[in-house]
Each structure stands twice: as structure tokens, then as C-alpha cells.
Amino acid sequence: ESMAAGEACGRLLLVTATEKSGVAFVYDITTVTKPKLLFVKHLTPISKTKSAGVAYATRELGDIDTEGVIFVDAAHSPSGLAGVFFGGAWSGTMSFWEFECPATTVASGSTSNVVCKTFLVLLAGRLFLA
């Protein structure tokens, strides 16, 4: 449905999600001619153990039928860190995933992992960028 790009931790990242299944894809497009898939993550990990109705009632349902993806730079972020808002049309949810940078970023030559974690609303989990 949509894609968003922005800078986080010294990298230019592209983020998109599948519509019906709610799976997010994050690519490093710092070198535009050689994009690198960093990770794939389901936006509703609780669906492995709970039905959508039960997960919604317990406020654990993530974003299903992802219609919107908005990349937010650190200066405009609610947490002060760059991140991504996802909106789920079917689930009626919105979540914010923030990028947590290591002490040394990729721009300065380190290959340290960048951590992406959820910050707001209904999701809980961590994602690790390679």
C-alpha cells in the first residue's frame, strides 16, 4: 500500500508493509543501486497464539491491513528517535516503531546492529537490523 524512506542511525532506510498480512519489510537503501533487506517482521506477533478478537480485547493486537507507513525523523518523533508509524485499517490500530542507534553508527564505520523497538500503542517487541 505505501512505502516510506528516511534516515536513522546513519543509514537511509526504506520501510513498507504488506496490506492484509501486516508484515513489515525494512531495507537499507544507503547505496540506492544495492538495496539490502535488513529484516522482515510481523506487526502482530501475538497472532501466533491468540485470535484477532481475543488479541484486540487484551490490547495486544498489532496492525492488520496496513494502509499507512510514515517515517518520522528524530526531530519530529514523539520519543526523540527516528521511527516509523504503521496504521492498520482492519485492526483500527496505530503503532510507532523507533530506531535505537548503537553508540557508534554505521556512518562512522561500525558494523554494530541498530535496534528497532516499539514505542507506542499496542505492539511490543524488538527488531534487530543486521
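Good morning. I begin with two neighbouring strands: E6 and E7 run antiparallel and are joined by six bridges. Please keep in mind throughout that this is a predicted model.

Let me stay with this pair for a moment. One point of pairing is easy to find, since Gly83 of strand E6 stands opposite Glu98 in E7. The two strands form a hairpin with four residues between them, and in that hairpin Gly92 takes a positive phi near 70°.

Strand E6 has a partner on another side of our story as well. Six bridges also join E5 to E6, and these two strands run antiparallel. Here Gly83 appears again, for this residue is the bridge partner of Val72. Gly83 is therefore a useful landmark on the screen: its partners are Val72 and, in E7, Glu98.

How many of the six residues of E6 are buried? The count is six of six, so the strand is largely enclosed by the rest of the structure. If we follow the directions of the residues, Gly83, Phe85 and Gly87 point one way from E6, while Val84, Phe86 and Gly88 point the other way. Residues on both sides are buried.

Let me now step back to the whole chain. It has one helix and nine strands. In sequence order, the pattern is β-β-β-β-α-β-β-β-β-β, with four strands before the helix and five after it. Of the 130 residues in the chain, 43% are buried. The accessible surface comes to about 6700 Å², and carbon and sulfur atoms account for 59% of that surface. If we take the contacts between residues at least 6 apart in sequence, 39% of them join residues at least 24 apart.

I turn next to the aromatic rings. The structure holds two aromatic pairs. In one of them, Phe71 and Phe99 are stacked, with 5.8 Å from centre to centre and 20° between the planes. Phe71 belongs to strand E5 and Phe99 to strand E7, so this pair ties together parts that are 28 residues apart in sequence. Are these two rings' residues buried or exposed? Phe71 counts as buried because its relative accessibility is 14%, and the cut-off for buried is under 20%. Phe99 is buried too, at 1%.

The other pair is formed by Phe85 and Phe96. Their ring centres lie 4.7 Å apart and their planes meet at 45°, so this pair is tilted. Phe85 sits in strand E6, residues 83-88, and Phe96 in E7, so the pair ties together parts that are 11 residues apart in sequence. Phe96 has a relative accessibility of 0% and therefore counts as buried.

Two individual residues remain. Thr66 is found in strand E5, which covers residues 66-72. Thr66 is buried, with a relative accessible area of 1%. Which residues does Thr66 touch, leaving aside those up to four places away in sequence? Among them are Glu1, Ala17, Thr18, Leu43 and Phe86.

Cys101, by contrast, lies in a loop, the one between strand E7 (93-100) and strand E8 (114-120). Its relative accessibility is 35%, so Cys101 counts as partly exposed. Cys101 and Leu81 are 20 residues apart in sequence, and their C-alpha atoms are 8.6 Å apart in space.

To close, I return to strand E6. This strand is joined by six bridges to E5 and by six bridges to E7, and six of its six residues are buried. Thank you for your attention.

Key. Residues are numbered from 1 along each chain as its sequence is written. This is a predicted model: local features need pLDDT of at least 70, side-chain atom pairs count only at pLDDT 80 or more; totals for chains, interfaces and linings use all residues. Side-chain values use heavy atoms; hydrogens and water are left out. Buried means under 20% relative accessible area, exposed over 50%, partly exposed in between (1.4 Å probe, protein chains only). Contact means heavy atoms within 4.5 Å. Accessible areas come from the Shrake-Rupley method with a 1.4 Å probe; for residues, only the protein chains shown count as cover. Rings of Phe, Tyr and Trp (its six-membered ring) pair if their centres lie within 6.5 Å; planes under 30 degrees apart count as stacked, over 60 as edge-to-face and the rest as tilted. Two strands pair if DSSP finds at least two bridges between them.
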